[in-house]
Structure formats: structure tokens, C-alpha cells
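Here are my notes on the model you sent over, jotted down as numbered points. Have the structure open while you read, and skip around as you like.

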Amino acid sequence: MKHFRTERVRATPKLFTYVLVGFIALLGLTCLYYGSSFAPGSRKSDEFDGSNNRVRTGIGSLRNRDIVLAVSRFEVPKSVPICDSRHSELIPCLDRNLHYQLKLKLNLSLMEHYEHHCPPSERRFNCLVPPPVGYKIPLRWPVSRDEVWKANIPHTHLAQEKSDQNWMVVNGDKINFPGGGTHFHNGADKYIVSLAQMLKFPGDKLNNGGSIRNVLDVGCGVASFGAYLLSHDIIAMSLAPNDVHQNQIQFALERGIPSTLGVLGTKRLPYPSRSFELAHCSRCRIDWLQRDGILLLELDRLLRPGGYFVYSSPEAYAHDPENRKIGNAMHDLFKRMCWKVVAKRDQSVIWGKPISNSCYLKRDPGVLPPLCPSGDDPDATWNVSMKACISPYSVRMHKERWSGLVPWPRRLTAPPPRLEEIGVTPEQFREDTETWRLRVIEYWKLLKPMVQKNSIRNVMDMSSNLGGFAAALNDKDVWVMNVMPVQSSPRMKIIYDRGLIGATHDWCEAFDTYPRTFDLIHAWNTFTETQARGCSFEDLLIEMDRILRPEGFVIIRDTTDNISYIKKYLTLLKWDKWSTETTPKGDPLSTKDEIVLIARKKLWSLPAISVS
């Protein structure tokens, strides 16, 4: 904030003095008014424009921002408006209506229209997303794996379109999921066993004694494959775009299955290199040969040494000329990438990635795809374009199957080899793990009066650091989406090395998930970090509300000033069903000024709001 030096003024007549004093007072009141209207975190929320269902804001007005930042820090709006009911499934950065309005020049053939494109600040929806009519508190895990309330996701077109594949069945006021898929009509459980048999794993267990833990399921449908992997101690990042089957990920999350919106388009997926032991594509409708195999090379970046790619699609088994042509071309590309066929049976083929650089170095000069240049960082993911090149292993990882990780579940608490890449010692890692174990115990004591059995399933940690919060929840029947802010993105690799899942994200923008996605959101210093980057507190709170389920909880651990400010929003956001606040015990990660606030979101609806 600029500081203005006062000037000494000569003696003047009384009238001029009075005018000058009055002018200064008027200027101060004007600054105060515009401060509450335009400053980040303090927008004038009652300017709701019903014609286009958004709020006009002046967040981009830089002249006012610097002057009034200190004043606006303690201001809150009188109300936060409710979005139109048509936006009950709003995903701000995947809003194709907005893409059309802004006339974005996106390459449809490269799937750019399914990628992350956020609205400019003046076009953001600054309102609370309402639930659909008739919304009910979701059925709880493990019941939710097999059925959900139809009113919560009132879309049945997938049931009709995939009726012959056992994806889902409408049954009265519920939608049931028999566990089928495009290439496993008889159930994902039997399909998973068959894959283990193909790989000749002991006991027909796909986890292979804990060496297979992280799986990427591309084009996952309603994520039944990932749902049935959980009983094998395998966690899948089930991935699909918001495409013509736009509600498939919404169904997956409603079921309580780890999943996220995403697409293999032009940008790298938000996961570091060597994150998964196995990638899976069951009729995922992806052209793997396009652009010199760039999409397969993205899978190559993400797979660990010795990792598998399970491909169940007509190109793998059909004998008609067109599919044979595609299958042969894929075989040639895999050979040049040094991948080998590990197993083939019926409608599936499993390819294996090499465990060392030896094969790459033996290729003839000029063979494509080339190795990535030495300056390329395979772990850089946020808004980074895919590259049609092979990411070679480092000298340390050369010939280290599974990147030298111990089997699950020991890898959850064992210091991974890549710690040294982020400057963390094994002792610091263990201390962090123990600190979060104790913190989670304290959190659960505070939550215990309000938490019913199985009422928490989908959890998000907004600033995951080393994954200690998620690791401490391992004894509970939950899964955690570990989010790594862009400024800490190098640490994302540790999340995956621990056998956890997550994504890199910029909290100045909306997260790519459906509304009402998570039962519990944990924010440790997230508001302090957001403030340091000059982004809006109000935007962040409204985004948290969008992705938080009714009756869900937020745990916010931050500075006293930030917590005091956030508390003023609890009623406006309808997070005031229950709340508690405490000064936490000191620990190695604590700051001198730290408060824990836990609040619970109400279940509300548009009719109820209009009556009140």
C-alpha cells in the first residue's frame, strides 16, 4: 500500500480551511465506500444481475485495490446472493457456455474445450450454488458404492445409453450401479481378478503384495473399476472429462469413489512424473496415435519404472482391417518407446514400461519419439503443455522398479527416496507424519459430538504439504484428495510416493469438480497463502462452499486475524449449523498465532430461502 507524505501548508483564511477539511472528510468516506465495494475479499455482493446470472464486480480495478486494502480487510458484504437454479451443477473453469460467450478460440479436435479455462475476474459467479430440487443428504459409504439418490443427480441418460453394459440402472428414487463397464459387463470384480491372472500375480491379487498401489483410470465412466479396486488396497485416480457423458464423474463422486474431471488434451495432467504403477483404458475412446503419440507419452511420463498399461479396446483384439491397422501402428509406436507386451488375453492387452534407460540408448539415431531434453522438468504440470518426447530416468532411478518404493502399506510412513529432491530429510518427514497424527486426533475430538458413523467419506486437504493429514486418516474409511498449491508443487511427488492421490492447483481459481463433492475440507494456512498472492478471500470461501456437501464440515487452521474475518462469513455462507473454535496445542509445525475453526454447512434449498 502506498504511503503519502503530508505537506506543510501556509496560513489561509478560515473559509478555505473549512472547505479543505470538508473535502478531506468527503474523500475519506469515498475511499471507505469503494473499499467495501471493490477490494479483494470484500466485494459488493448485492449487485446481482439476474439477466446473466452473475455478479458484476470490480476486482480488476487496481487503482482502488492498493488504496483500500487495509480498510477492506475487515469489511464483509451484507449478504451473498444465491445463484440461479440453472447453475446447480456449475463448474466455473469448465463452463462451455462461458467459452462460447468469450469467443475463446479452442481447438475442438485436440479437446481444448474440455480443459481448464477460468472466467476473468469480472465474469465470475459470485454467488452460492444451490442444490437441485429434492436434494437429500447422500447415502453413506459403503452403501453409496452401489446406489445413490436420483434427486441428487437427476440425469438418467447414461442409464439408457449404457443399459447393455451394466453401468447404472434407474430404480425408483435411486440409481443403482451393478459394477459393470464397457468391457467388463459381468462386473469389475471379475475383471480385476482376470487382470491379476494375466500378470500371474500370487493369489490373483492385483496389488501384487502391495507393489501395485496407485492406478490411473483414463475414461473411467462412473468409476466402477476404481470402486472395486479399493477392496484390493489399490486407490485409483478415476479420470474423465465433462464431455457428452457429462455426469459420469458426478455419479462417481456421489458414490464416494476417488475421481476427478480431466482430459488428455494439450496440457499435462496435474500429477508429477512416476506417480502410478498402472494405467487403465477400457474403451476410453482416445486416439492414442495422434500427434506422434503425445498422449501415450503423457502416460509414459506418469508411469513408474516397470509400470503397466492395461488396454481393453477393439484395437487390441478385433481382426477387421481398420482395427488391425490401428493395432499394428500402436504396436510399432510402443516398440519405439521401448514398451513390451506383458500379457494378452481375450479383449485386453497389457503393456509394460522399461525399468531403465538402456533400451532408449540402444535405439537408432533419429528414432521417434525422441528423449526429452535435459532441461525439461517432468514434474512441472500446472498449465504446462504436453511434449512428444520420452522422459528418461535419472541416474538414481535407473533400474529401480517402482522408483525404489517399499510395498503398501509400509510406503505410507516410510521416507521415500525423492524426499531429497525437495530438500526434506527423513527425520523431518517422520516428524511431520507424527505431528499430523496428533493433530488429527485433536480434530476428531472436536468433531466427535457431531460426526455420525460413515458421515464423512470424501475429504479434501487444500494445502497438503507432505501428505501427513491424509496419512493420519488412513485408519478411517475415507479417501483424501490432496491438493498441492502451485507454489508448493514440487512436493506433489511425495504424495504419490506415499501411496496417496492428489492434484496440483492454483487456489486463485476454482477447482475442477462438481458442486457438493466433499464431506470435509481441511485448509491449513490456505488463506494466508492466498492473501500473500493477492487473491480474494471471498472467492475462496464461495468456492469452498460450492464443493462442500450440505451437512459437511470445514476445518480451517490459520492466523487469528484470518479466522476472525472468516467467522463473519459463517452465517452468510450458511455454515452456521454448528461451529467450534480452539487454540491448538503447540507442535513443530505451529506458528505463534494460530487458531482452529471448525464449521458445518446447513442443508438449504431455494424454496426455503425464498420463504425466509
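1. Let me start with a charge and a ring. R401 lies over the face of W402, at 5.6 Å from the ring centre. There is another such case with a lysine: the charged end of K574 sits over the ring of W604, 5.6 Å from its centre. Keep in mind throughout that this is a predicted model.

2. Now the overall picture. The chain has 19 helices and 19 strands. Of its 612 residues, 55% are buried. If you take the contacts in the chain with a separation of 6 or more, 71% of them come from residues 24 or more positions apart.

3. The sheet I'd look at next is an open one with 7 strands, in the order β8-β7-β6-β9-β10-β12-β11, and its pairing is mixed. Which strands are at the edges? They are β8 (259-261) and β11 (340-345), each of which pairs on one side only. On average, neighbouring strands of this sheet are turned by 20 degrees against each other, direction ignored.

4. Two helices go with that sheet. Helix α5 (residues 188-198) packs on the sheet and touches β9 (276-282), β10, β11 and β12. The direction of α5 makes about 130 degrees with that of β11. Helix α7 (residues 248-255) lies across β7 (235-240) and β8, and runs at about 150 degrees to β8.

5. Staying with α7: is this helix enclosed or open? 8 of its 8 residues are buried, so α7 is largely enclosed by the rest of the structure. The buried residues of α7 include the charged-type names you might not expect to skim past, E254 and R255, along with Q248, I249, Q250, F251, A252 and L253. After α7 comes G256, whose phi is positive, near 90 degrees.

6. Strand β10 deserves a point of its own. With 10 of its 10 residues buried, β10 is largely enclosed by the rest of the structure. On one side it has β9, and the two pair in the parallel sense over 6 bridges. F276 has L303 in β10 as its bridge partner. The link between these strands is helix α8 (residues 290-302), and β9, α8 and β10 make a right-handed β-α-β unit.

7. The other partner of β10 is β12. Strand β10 (residues 303-312) runs antiparallel to strand β12 (residues 348-352), and 5 bridges join them. To find the register on screen, pick S312, which stands opposite S348 in β12. Another marker is Y308, opposite G352 in β12.

8. Next, the aromatics. How many aromatic pairs does a search of the whole structure find? The count is 24. In one of them, the rings of F334 and W339 have their centres 5.0 Å apart and their planes at 25 degrees, so this pair is stacked. F334 and W339 are both buried. For a contrasting geometry, take Y565 and Y569: the ring centres are 5.7 Å apart and the planes are at 65 degrees, so the pair is edge-to-face. Y565 and Y569 are buried too.

9. F334 and W339 also belong to a cluster. Together with W288, F309, Y311 and W351, they form one aromatic cluster.

10. Last stop, strand β14 (residues 479-485). Why call it enclosed? 7 of its 7 residues are buried, so β14 is largely enclosed by the rest of the structure. In a regular strand the side chains alternate between the two faces of the sheet. Here W479, M481, V483 and P485 point one way from β14, V480, N482 and M484 point the other way, and all are buried.

11. β14 has parallel partners. Strand β13 (residues 458-461) pairs with β14 in the parallel sense over 4 bridges, and D461 has N482 in β14 as its bridge partner. Strand β15 (residues 501-505) and β14 pair in the parallel sense over 5 bridges, with M484 opposite T504 in β15. Helix α14 (residues 492-497) completes the arrangement: β14, α14 and β15 make a right-handed β-α-β unit.

Definitions and conventions:
Residues are numbered from 1 along each chain as its sequence is written. This is a predicted model: local features need pLDDT of at least 70, side-chain atom pairs count only at pLDDT 80 or more; totals for chains, interfaces and linings use all residues. Side-chain values use heavy atoms; hydrogens and water are left out. Two strands pair if DSSP finds at least two bridges between them. Axes are lines fitted to C-alpha atoms, for helices over the stretch in contact, and angles run from 0 to 180 degrees between N-to-C directions. Contact means heavy atoms within 4.5 Å. Buried means under 20% relative accessible area, exposed over 50%, partly exposed in between (1.4 Å probe, protein chains only). A crossover is right-handed if, with the strands pointing away from the viewer, the path from the first strand over the helix to the second runs clockwise. Rings of Phe, Tyr and Trp (its six-membered ring) pair if their centres lie within 6.5 Å; planes under 30 degrees apart count as stacked, over 60 as edge-to-face and the rest as tilted. A charge sits over a ring if NZ of Lys or CZ of Arg is within 6 Å of the ring centre and within 35 degrees of the ring normal.
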